[in-house]
Amino acid sequence: MKEITAKEVEQLLHGEHRLGIIDVREVEEVKAGMIPGAVNIPLSLLEFRMNELPKDKEYIVVCSSGGRSARAVQFLESYGYNVTNMTGGMLAWEGPVD
C-alpha cells in the first residue's frame, strides 16, 4: 500500500499537482472540516459510490487517524484504482480546512 504524510499532501496542494482527495469519514465527522477540494464518501458507502471515481485518476484517501483510509485503499486497489493512504489522517493535518 502506498502511503503519504499529511505534510506531503499539503505541499502537493500548494503545487500545480491536481489531487483527487477522498475523505472516508462519516458525515458528522466532516462537519468539523475537511481538506479543501476533498470529496466525502464515507467508508460505509464506498462500495456503492466508487463508480463516481474515474479509474484514470490518482487519489489520496483520508480519514480521522489513518485506519479507515487504509481499509479504503486496500478495497479500491482491489478494483484497480490508483490510491494512496494519508498516514495520521486529519489528526496529522495542519493545513487549511473547508
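In which sense, and over how many bridges, do strand β2 (residues 20-23) and β4 pair? In this predicted model, the two strands run in the parallel sense and are joined over four bridges. Within this pairing, I22 is placed opposite V61 of β4, and G20 has Y59 as its bridge partner in β4.

The pairing of β2 with β4 belongs to an open sheet of five strands, arranged in the order β1-β5-β4-β2-β3 with parallel pairing. The edges of the sheet are occupied by β1 and β3; each has a single partner strand, so one side of each is left without a neighbour in the sheet. Two helices pack on this sheet. Helix α1 (residues 6-14) touches β1, β2, β4 and β5, and the direction of α1 makes about 75 degrees with that of β1. Helix α4 likewise packs on the sheet through β1, β2, β4 and β5, with its direction at about 170 degrees to that of β5.

Strand β5 (residues 82-87) pairs in the parallel sense with strand β1 (residues 2-5), again over four bridges. In this pair of strands, T5 has T87 of β5 as its bridge partner. Strand β5 also pairs with strand β4 (residues 58-62), in the parallel sense and over four bridges. Here I60 is located opposite T84 of β5. The connection from β4 to β5 passes through helix α4 (residues 67-77), and the resulting β-α-β crossover is right-handed. Strand β4 is mostly covered, four of its five residues being buried.

The surroundings of individual strand residues were examined next. I21 lies in strand β2. At a relative accessibility of 3%, I21 falls under the 20% limit and therefore counts as buried. Leaving aside neighbours within four places in sequence, the contacts of I21 are V9, L13, I35, A38, V39, I60 and V62. Between I21 and K7, the separation is 14 residues in sequence and 14 Å in space, taken from C-alpha to C-alpha.

N40 is part of strand β3 (residues 39-40). Its relative accessible area of 17% is under the 20% limit, so N40 is classed as buried. The side chain of N40 reaches the backbone oxygen of R25 at a distance of 2.9 Å. When residues up to four places away in sequence are not counted, N40 touches D23, R25, V27, V30, M34 and R49.

Charged side chains were then considered. Side chains of opposite charge can pair when their charged atoms come close. A search of the whole structure finds six salt bridges. One of them joins R25 to D23, with the closest N and O atoms 2.7 Å apart. Both partners are buried: R25 has a relative accessible area of 6%, and D23 has one of 1%. R25 and D23 also appear among the residues touched by N40.

A further salt bridge is formed between E29 and R68, whose closest N and O atoms are 2.8 Å apart. This pair links distant parts of the chain, with E29 in helix α2 (residues 27-30) and R68 in helix α4, 39 residues apart. E29 is partly exposed at a relative accessible area of 27%, and R68 is partly exposed at 21%.

R49, one of the residues touched by N40, meets E52 in a salt bridge between their side chains, at 2.9 Å from N to O. The relative accessible area of R49 is 24%, which places this residue in the partly exposed class; E52 is also partly exposed, at 44%. In addition, K7, E10 and E94 are joined into one network by salt bridges that share partners.

Key: Residues are numbered from 1 along each chain as its sequence is written. This is a predicted model: local features need pLDDT of at least 70, side-chain atom pairs count only at pLDDT 80 or more; totals for chains, interfaces and linings use all residues. Side-chain values use heavy atoms; hydrogens and water are left out. Two strands pair if DSSP finds at least two bridges between them. A crossover is right-handed if, with the strands pointing away from the viewer, the path from the first strand over the helix to the second runs clockwise. Buried means under 20% relative accessible area, exposed over 50%, partly exposed in between (1.4 Å probe, protein chains only). A polar contact is a pair of N or O atoms within 3.5 Å; within protein, one must be able to donate a hydrogen and the other to accept it, and residues adjacent in sequence count only if both atoms are side-chain atoms. Contact means heavy atoms within 4.5 Å. A salt bridge is a side-chain nitrogen of Lys or Arg within 4 Å of a carboxyl oxygen of Asp or Glu. Axes are lines fitted to C-alpha atoms, for helices over the stretch in contact, and angles run from 0 to 180 degrees between N-to-C directions.
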